[in-house]
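Biologist: Could you take me closely through a single helix of the second chain, with its setting in that chain and its neighbours? I would like one connected account.

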Amino acid sequence: MSDPLDLPVAEQAARVRDAADPLTARALVDASLARIAAHNEALNAFLHVAPERARAAADRVDADVAAGRDPGPLAGVPLAVKDNLEVEGLPLTCGSRILGTWKPLRTATSVARAEAAGAVVVGKTNLDEFAMGSSTENSAFGPSRNPYDVERVPGGSSGGSAAAVAAGLVPLALGSDTGGSIRQPAAFCGIVGFKPTYGRVSRSGLVAFASSLDQVGPFARSVADARRLQAVLEGPDPLDATSRAFVTPGSAATPVPRGLEGLRIGRVAEMTTERRVVGTEGVDRVEGLRAQLDAAGATAVDVALPAIAEAIAIYYVIAPAEASSNLARFDGVRYGHRAEADSLERLYAKTRAEGFGAEVKRRILLGTFALSAGYADAFYKRARGAQVALGQAFAEAFERCDVLVSATTPTAAFRLGEKTGDPLAMYRSDVLTVAANLAGLPAVSIPAGFNEQGLPLGLQVQGPVGADALVFDVAEALERQLATCRYVAPEEAA
Amino acid sequence: MEVDERLVRHVAGLARLDLTDDEVSRLVPQMASILAYVERVAALPGAHETEQPADLDAQAIDLDALRPDEPGTPLDLLGLIRQAPAGDGAFYVVPRFLGEDEAPLEGDPS
């Protein structure tokens, strides 16, 4: 851990903020860029690296320190940004060909807030096209690779951000989570990934997939690091009417040091019911850790949540329905790719046929179907009703326990190509993560050790709406208890 | 749920999405299996509730979160159009969409 880039984020920032310390933002950013240059070819984590912009930003941080101005709590810390978040002047692809060479004219609120806190954006990371997928195999620019085994996926859709943090290329990254797209890749790559309560972080500048489910959040190597980034992201934003302030005591910014003693940890029996379909090792691993939680003074509470087993069905109606509407804007007129056609109708249909990949087309069709006359009542309206009931079931469950603890994913990272032939099997691997999005809950994945092949497994903590601070507190306590948090140093990667 | 080529082509038309014959052939069984799976939503608790609880509605969108109605600086509109795949500097350019038989708009140079 002699390289400053491997220090906890709080220490990196403290040393950069200390004018007497020789460590500069420029040195951290150069170290990150050097690691990206050395390892990105093997990992395909970054779609675009921005060395000039990053060095200029780092120099501004260093100039602030020299002038006695405080650059903020993330001073000089290199940050990777998922390429569905707008950064002014940098390309924005969403992992798709349809945006062409489009460059946004504004910066997403979440990214702007991280930069205002001193973080330095070093590049844009790979993702499943428009964040639709669980492996990054749906990226138009090729899949990212898992640093633990480059023949395996890093998860998705924020797989590039997860791989970049896990391989030590950056200490922090931003992702977006619509059905598990932060937590699942965090689990597959052995790092921490946090999905805030819906509305806690602005979605302005995040390219919309399913607007009622999308949420931006942090990746990091430890809960404390993730929390430090989350603290600067959150808060209402005039540019996103679904962002709001929370009255729940304690923001993510204020850790309340606490142990597990007296904590009521809920266990949902239904979160293991699909194991026969999608695998069991993640579930078994977390079940095996329960004795440790009991020993630390936590109280295990069995909670019935039958609706959770049906969350996949609800999700794969609602998310595609919203996506089919959101992606209507990619029509060959305003952005990027445009097909040659002699009529406007032909222009739309041909541009979209050429610009979108197979998974995006599949979801647009599913969503269009679920909203179409004769089917909207049977699919979309019923799914919305079931979604509301799911939220109520969670609220009742949280009267009996403080948090729910489960595996993040049924299995460890799968092999490239292993699930691409069966879309439904890929969808069903999201079984443990999508419910938090449907109910708007805060949820985090932390490392929970390794399977027999040495691949990471994740443990998920979910809390009531607004209880992001509690989720972080419990995650920190579990992290200490389990002491499994590690990441792959670059020389081990690839 | 009966999914056939006709349905897939119909939905693709609604979605303004051209599909090749090969894509249609692949999508028919995929859509059939996915829709057969998600069809179960109709039988779930709450699926037939049409009234949404007031607190969940309020949770979705907080009207107090709407920003003050004050003029601000918009994005650089000409900068947006400059990046369009076809523009004339001030407007997006699209293929002619009025039929041959229709009268040209007043002032239309054509």
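Modeller: A residue is called buried here if 20 or more other C-beta atoms lie within 10 Å of its own, the C-beta atoms being placed from the backbone. By that criterion, in what is a predicted model, buried residues make up 15% of the 110 residues in chain B. Chain B contains four helices and zero strands, so that, by the DSSP runs on which these elements rest, its order from the N terminus on reads α-α-α-α.

The part to look at is helix α2 of chain B, which covers residues 21-38. Helix α2(B) has 18 residues and reaches 25 Å from its first C-alpha to its last, which is close to the 26 Å expected at 1.5 Å a residue. Along α2(B) there is nevertheless a kink of about 30 degrees, located at B:L27, and this residue comes shortly before the proline B:P29.

B:L27 also belongs to the buried residues of the helix, and the others in that set are B:M31, B:I34, B:L35 and B:V38. As for what surrounds them, the buried residues of α2(B) pack against elements from both chains: in chain A these are α10 (311-326), α12 (358-371), α13 (377-397) and α14 (423-428), while chain B itself contributes α1 (5-14). The residue at the kink, B:L27, is thus listed among the buried residues of α2(B), and the buried residues of this helix have packing partners in chain A as well as in chain B.

Note on methods:
Residues are numbered from 1 along each chain as its sequence is written. Chains are lettered from A and ligands numbered from 1 in the order in which they are written. This is a predicted model: local features need pLDDT of at least 70, side-chain atom pairs count only at pLDDT 80 or more; totals for chains, interfaces and linings use all residues. Helices (H or I, at least four residues) and strands (E, at least two) are DSSP runs, numbered from the N terminus. A residue is buried if 20 or more other C-beta atoms lie within 10 Å of its own, exposed if 12 or fewer, and partly exposed in between; C-beta atoms are placed from the backbone. The expected span of a helix is 1.5 Å times one less than its number of residues. The bend at a residue is the angle between axes fitted to the seven residues ending there and the seven starting there. Two residues are in contact if their C-beta atoms, placed from the backbone, lie within 7 Å.
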